[in-house]
Amino acid sequence: QVHFTESGGGAVESGGSLRLSCTAGSATINPHAIGWYRQAPGKQRELVAVIGRDGVIEYADSVKGRFTVSRGSARNVVDLQMDSLTPEDTAVYSCYIRAVYNLVLDNFWGQGTQVTVSS
């Protein structure tokens, strides 16, 4: 399995900001896509923001204009800047990578970091 190091979650008030950071696998991994998903209580996991291999970024409609995903200095590092947070953003945020691992192209998610937004 791909090892993830995720950081930056926490609790903020509505309107606040948080920044998440993730290192996915080792420096030798070659992402086909990298980004973030989230899962709120009682809901299915959903895409938040993902950067494709060609650099095209996909955002969930609910976060457009408020969240910004970016690559770190290494290709296996991805950050998520979250501004203007609302209680509806409360969820476990998981780092995501699509990459070849053990000769198989597959999707992998980290364990996640909790983000809680109070009103």
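## An all-strand chain, from glycine 110 outward

Glycine 110 counts as buried, because its relative accessibility is 13%. Buried means under 20% relative accessible area, exposed means over 50%, and partly exposed lies in between (1.4 Å probe, protein chains only). This is a predicted model: local features need pLDDT of at least 70, side-chain atom pairs count only at pLDDT 80 or more, and totals for chains, interfaces and linings use all residues. Residues are numbered from 1 along each chain as its sequence is written, and side-chain values use heavy atoms, with hydrogens and water left out.

**Glycine 110 and its surroundings**

Glycine 110 sits in the loop between strand 10 and strand 11 (113–118). Strands here are DSSP runs (E, at least two residues), helices are runs of H or I with at least four, and both are numbered from the N terminus. Not counting residues up to four places away in sequence, glycine 110 touches Phe4, Glu6, Ser94 and Cys95. Contact means heavy atoms within 4.5 Å. The C-alpha atom of glycine 110 is 8.3 Å from that of valine 2, and the two residues are 108 apart along the chain.

**The whole chain**

The chain holds 0 helices and 11 strands. Its radius of gyration is 14 Å, close to the 14 Å that the globule rule gives for 119 residues, so the chain is as compact as a globular protein of that length. That radius is taken over C-alpha atoms, and the rule is 2.2 Å times the number of residues to the power 0.38. Along the principal axes, the C-alpha trace spans about 45 × 25 × 20 Å.

Of the 119 residues, 42% are buried. Among contacts with a separation of 6 or more, 55% join residues 24 or more positions apart. The exposed area is about 6,400 Å², and carbon and sulfur atoms supply 48% of it. Areas come from the Shrake-Rupley method with a 1.4 Å probe; for residues, only the protein chains shown count as cover.

The chain has 10 positive and 11 negative charges, with mean positions 6 Å apart. Lys and Arg count as positive, Asp and Glu as negative; His and the chain ends are not counted. Each charge is placed at NZ of Lys, CZ of Arg, CG of Asp or CD of Glu.

**Long-range contacts**

Which residues does aspartate 79 contact beyond four places in sequence? They are Arg19, Leu20, Ser21, Cys22, Trp36, Thr68, Val69 and Ser70. Aspartate 79 lies in strand 8 (residues 77–82). It is buried, because its relative accessible area is 11%.

Glycine 16 is in the loop between strand 2 (10–13) and strand 3 (18–24). Leaving out residues up to four places away in sequence, glycine 16 touches Met82, Asp83, Ser84 and Leu85.

The table gives C-alpha separations for these two residues.

| Residue | Partner | Apart along the chain | C-alpha separation |
|---|---|---|---|
| Aspartate 79 | Serine 21 | 58 residues | 4.3 Å |
| Glycine 16 | Aspartate 83 | 67 residues | 6.2 Å |

**Aromatic pairs**

The structure holds 4 aromatic pairs. The ring centres of tyrosine 37 and tyrosine 96 are 5.0 Å apart and the planes meet at 55°, so this pair is tilted. The pair links distant parts of the chain: tyrosine 37 is in strand 4 (residues 33–39), tyrosine 96 is in strand 9 (residues 91–101), and 59 residues separate them. Tyrosine 37 is buried at 16% relative accessibility, and tyrosine 96 is buried at 7%.

Tyrosine 101 and phenylalanine 108 form an edge-to-face pair, with 5.7 Å between centres and 75° between planes. Rings of Phe, Tyr and Trp (its six-membered ring) pair if their centres lie within 6.5 Å; planes under 30 degrees apart count as stacked, over 60 as edge-to-face and the rest as tilted. Tyrosine 101 is partly exposed at 31% relative accessibility. Phenylalanine 108 is buried, with a relative accessible area of 7%. Ring pairs also join Tyr37, Tyr96 and Trp109 into a cluster.

**Positive phi in a loop**

Most residues other than glycine have a negative phi. Asparagine 102 has a positive phi, near 55°. Leucine 103 has a positive phi too, about 70°. Where is asparagine 102 placed? It is in the loop between strand 9 and strand 10 (104–109). Leucine 103 lies in the loop between strand 9 and strand 10 as well. Asparagine 102 is exposed, with a relative accessible area of 64%, and leucine 103 is exposed at 83% relative accessibility.
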